[in-house]
Each structure stands twice: as C-alpha cells, then as structure tokens.
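Me: Could you take me through one part of this structure up close? I'd like to hear about the salt bridges, and about how they sit alongside the rest of the fold.

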Amino acid sequence: MALHYRDAVWPEARPEPLFEESCIAVCSPEAAFARAASSGDFRRVPLLHLSNRPQAWAAWLDDAALARRPANALAGHRFDLFTTLVEGVRCGLGAAIVPTFFAQRELAEGSLVQAHRHVQQGTQAYAVFVPGQRAAEAGIAAFVDWVRAEVQAEAPIAGRR
C-alpha cells in the first residue's frame, strides 16, 4: 500500500490534492523480451528498479495478477532517479515500473513501449501543502491555482482523472 499525502503529519498544514499517480511497465521496443512481456510472461525479463521504490515490481505484478512472474521481483539493477532508470530502459538493460506521466514523451516518440497493457492505479498521490494560517493569502491561493491549472493542462497526456 502506498503512503498517500493524507497519511502525512504536518501540523497546521492543509493538503490541496492535485492527482493520483498510475504506473506502467515500460521497455525498449527492440528488447529481446518485449514480446514475452507483452503477453504477460515476465519470467526472463530483466527488472530495473528505482532505489526508493524497491517493491514497485512486486506490487505491479500482484496488481496485474500475472502468473508467469520472475523468481525474484527484487532482483535487478537499481537507479537513484527516474531519469537514469528510463535511460537504462531505453538502452535495453531491462524493463521498469514508472509513473505514466513520467514516460509520456518517450512513449510518444517510440523510444519506449508499454511492456504490458496493465496500468496500476493510485500508487502515489500528489498535493500542495498550504500552511493553515496562510491559506487565505492571495499569493498562496494564486500559486495553488497555478499548480492546479498546470496539472489539468497535462491531464489528457498523463491519463489522470
């Protein structure tokens, strides 16, 4: 289960919800395992991981209810940033679980493909936290409105609700 902003403890702060994240498995279109992964067979797919999301593959595989799973969903190379993780995937090192919004450019240009059709919903939630005593300030309200508008402008691309 993902930690959501609603679980955070920041006294006097009010969360202004923005969106919930969805995650997909991605790989290089030329990857030798792409066809097997597309059919739901991840037994021989090299798994790449984001260091601070070590359970992402296990959670995605459970959510997808796939029977042909790797022996160890924790095995594989780890990367510290989504940018380096995606570069590893683009270079054909393996497949990775990434937020849908993060891979949109690469999917559109064809340097990445969705390894399997499953989309895991609600993996993380994003919000702006506003100090309660400053919520009525015009500058704070304008900033929150601007952030919301930016998120909504990206909504069709990112597949957000």
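Reply: Among contacts between residues at least 6 apart in sequence, 77% join residues at least 24 apart. Keep in mind that this is a predicted model, so everything below is read off predicted coordinates. The chain has five helices and five strands, and from the N terminus on they run β-α-β-α-β-α-β-α-β-α. Along the principal axes, the C-alpha atoms fill a box of roughly 55 × 30 × 25 Å. Of the 161 residues, 43% count as buried. The accessible surface comes to about 9200 Å², and 55% of that belongs to carbon and sulfur atoms.

Now to the charges. You have 16 positive and 17 negative side chains here, with the centres of the two sets 8 Å apart. Side chains of opposite charge can pair when their charged atoms come close. In this structure there are nine salt bridges.

Let's start with Arg148 and Glu16, whose side chains meet in a salt bridge at 2.6 Å, N to O. Arg148 sits in helix 5 (residues 138–158) and Glu16 in strand 1 (residues 13–27), so this pair ties together parts of the chain that are 132 residues apart in sequence. The two partners also differ in how they are covered: Glu16 counts as buried because its relative accessibility is 12%, under the 20% cut-off, while Arg148, at 31%, counts as partly exposed.

Next, look at Arg90 and Glu87. Their closest N and O atoms are 3.3 Å apart. This one stays inside a single element: the two residues are three apart in helix 3 (residues 82–90), which means about one helical turn separates them. Both ends are partly exposed, Arg90 at 31% relative accessibility and Glu87 at 38%. Back on the Arg148 side, salt bridges that share partners join Arg14, Glu16 and Arg148 into one network.

A further pair is Arg43 with Asp41, where the closest N and O atoms are 2.7 Å apart. Asp41 is buried, with a relative accessible area of 12%, whereas Arg43 is partly exposed at 45%.

What about the nonpolar side of things? The largest nonpolar core has 20 residues, and those with the most contacts inside it are Phe42, Val45, Trp57, Trp60 and Leu61. Strand 1, helix 1 (34–38), helix 2 (56–64) and strand 4 (95–99) are the elements that each give two or more residues to this core. Helix 2 gives the most, with five residues. So strand 1 turns up in both stories: Glu16 of strand 1 pairs with Arg148 of helix 5, and strand 1 also contributes to the largest core.

Trp60 is a good residue to click on if you want to see that core from the inside. Setting aside residues up to four places away in sequence, Trp60 touches Cys23, Ile24, Ala25, Phe42, Leu66, Ile97, His116, His118 and Gln120. There is also a second, separate core of 13 residues, and Leu85, Val89, Ala96 and Leu112 are among them.

Two loop residues on either side of helix 2 round off the tour. Pro54 is in the loop between strand 2 (47–50) and helix 2, and it is partly exposed, with a relative accessible area of 35%. Leaving out neighbours within four places in sequence, Pro54 is in contact with His49 and Leu74. Pro54 and Ala73 are 19 residues apart in sequence, and their C-alpha atoms are 9.1 Å apart in space.

Ala65 is found in the loop between helix 2 and strand 3 (78–79). Most residues other than glycine have a negative phi. Ala65 goes the other way, with a positive phi near 55 degrees. Ala65 is also exposed, because its relative accessible area is 65%, over the 50% cut-off.

To pull the salt bridges back together: Arg148 and Glu16 link helix 5 to strand 1, while Arg90 and Glu87 lie within helix 3. Arg43 pairs with Asp41, and of these two Asp41 is the buried one, with Arg43 partly exposed.

Note on methods: Residues numbered from 1 in each chain as written. Predicted model: local features only at pLDDT ≥ 70, side-chain atom pairs only at ≥ 80, totals over all residues. Heavy atoms only, no water. Salt bridge = Lys/Arg side-chain N within 4 Å of Asp/Glu carboxyl O. Helix = DSSP H or I, 4+ residues; strand = E, 2+ residues; numbered from the N terminus. Buried < 20%, exposed > 50% of the residue type's maximum accessible area, 1.4 Å probe, protein only. Core = buried A, V, L, I, M, F, W, Y, C linked by side-chain atoms within 4.5 Å. Contact = heavy atoms within 4.5 Å. Areas by Shrake-Rupley, 256 points an atom, 1.4 Å probe, with all protein chains shown as cover. Lys, Arg positive; Asp, Glu negative; His and termini not counted. Charge placed at Lys NZ, Arg CZ, Asp CG, Glu CD.
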